[in-house]
Amino acid sequence: MLFGLGLGLGVAGSMVEKEPLAYLVCMAMFGGLAFLCARAAIRMLRAGVRISPEGVVVRGPLRTWSIGRTDAVRFVPGEQENGLLLCTYGALLERGGGRLVPIWGLRSIQPTTEEGLEEGRTRWQPVCDQLNDLLSANKGEAP
C-alpha cells in the first residue's frame with residue numbers, strides 16, 4: 001500500500017510544473033485511494049464478535065450485524081461463503097429461522113475434501129462451545 005502511494009506521489013510530483021491541474025487530480029485520486037485502504041485496514045482490525053446481554057454484534061470488514069439476544073440462537077462450526085474458490089471453515093452464528101451469519105475473524109482455509117471439512121469441524125467446535133457458553137451466560141440461561 002505504501003509503495004503504491006509513494007509511486008503515485010512520485011508520478012504526480014513529476015507533473016507539478018507541466019500540468020498543475022493534472023497534479024491536483026492525481027493527488028485527489030491517490031489521497032482517496034489511501035483513505036479507502038486505511039478505512040479497510042481499520043475495519044479488518046476491528047473485525048470480530050461481541051456478546052452482551054443486549055445481543056450479539058458481529059463485525060466484518062464490509063458489514064456489521066447487530067442481532068438481538070432473542071434472535072441469536074447458537075454458534076455452530078460450518079463452511080463460510082467467501083466468493084472465491086477457497087473453502088473457508090469457521091464459526092457461524094445461527095439466528096432464528098436457521099439463518100447463518102459468518103464471523104469473519106474466526107475462520108480458516110480448509111481443503112475441500114471430506115477430511116479437510118472434518119478437520120475444520122474438529123478445529124472450530126471447541127471455539128463454538130465457548131462462544132455458546134458466553135451467549136448462554138449473557139442471556140441468563142444455564143450453560
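Which residue takes a positive phi just after H3? In this predicted model, the residue is Gly140, with a phi of about 85°. The path to that glycine leads through the chain as a whole, then a sheet, then the helix itself.

The chain has 143 residues, and 31% of them are buried. Its secondary structure consists of three helices and six strands, arranged from the N terminus as α-α-β-β-β-β-β-β-α. The accessible surface is about 9300 Å², with 62% of that area belonging to carbon and sulfur atoms. Among contacts with a separation of 6 or more, 37% are between residues 24 or more positions apart.

Three of the strands make an open, antiparallel sheet in the order E1-E2-E3. E1 and strand E3 (64–68) are the edge strands; each has a single partner strand, so one side of each has no neighbour in the sheet. On average, neighbouring strands here are turned by 10° against each other, direction ignored. Five bridges join E1 and E2 in the antiparallel sense, and one pairing sets Arg50 opposite its bridge partner Val57 in E2.

Helix H3 (residues 114–139) packs on this sheet, where it touches E1 and E2. The direction of H3 makes about 30° with that of E1. With 26 residues at 1.5 Å a residue, H3 should span 38 Å, and the 35 Å between its end C-alpha atoms agrees with this. The helix is nevertheless bent: at Trp124 H3 turns by about 35°, and a proline, Pro126, follows within four residues. Trp124 is also one of the buried residues of H3. The others on that list are Gly116, Leu117, Gly120, Cys128, Leu131, Asn132, Leu135 and Ser136.

The loop between strand E1 (48–52) and strand E2 (55–59) contains Pro53, which brings the account back to the glycine after H3. Pro53 and Gly140 are 87 residues apart in sequence, yet their C-alpha atoms are 8.1 Å apart in space. Apart from neighbours within four places in sequence, Pro53 is in contact with Arg69 and Asn138. Asn138 falls within the range of H3, residues 114–139. Is Pro53 buried, partly exposed or exposed? Its relative accessibility is 41%; because partly exposed covers the range between 20% and 50%, Pro53 counts as partly exposed.

Key. Residues are numbered from 1 along each chain as its sequence is written. This is a predicted model: local features need pLDDT of at least 70, side-chain atom pairs count only at pLDDT 80 or more; totals for chains, interfaces and linings use all residues. Side-chain values use heavy atoms; hydrogens and water are left out. Helices (H or I, at least four residues) and strands (E, at least two) are DSSP runs, numbered from the N terminus. Buried means under 20% relative accessible area, exposed over 50%, partly exposed in between (1.4 Å probe, protein chains only). Contact means heavy atoms within 4.5 Å. Accessible areas come from the Shrake-Rupley method with a 1.4 Å probe; for residues, only the protein chains shown count as cover. Two strands pair if DSSP finds at least two bridges between them. Axes are lines fitted to C-alpha atoms, for helices over the stretch in contact, and angles run from 0 to 180 degrees between N-to-C directions. The expected span of a helix is 1.5 Å times one less than its number of residues. The bend at a residue is the angle between axes fitted to the seven residues ending there and the seven starting there.
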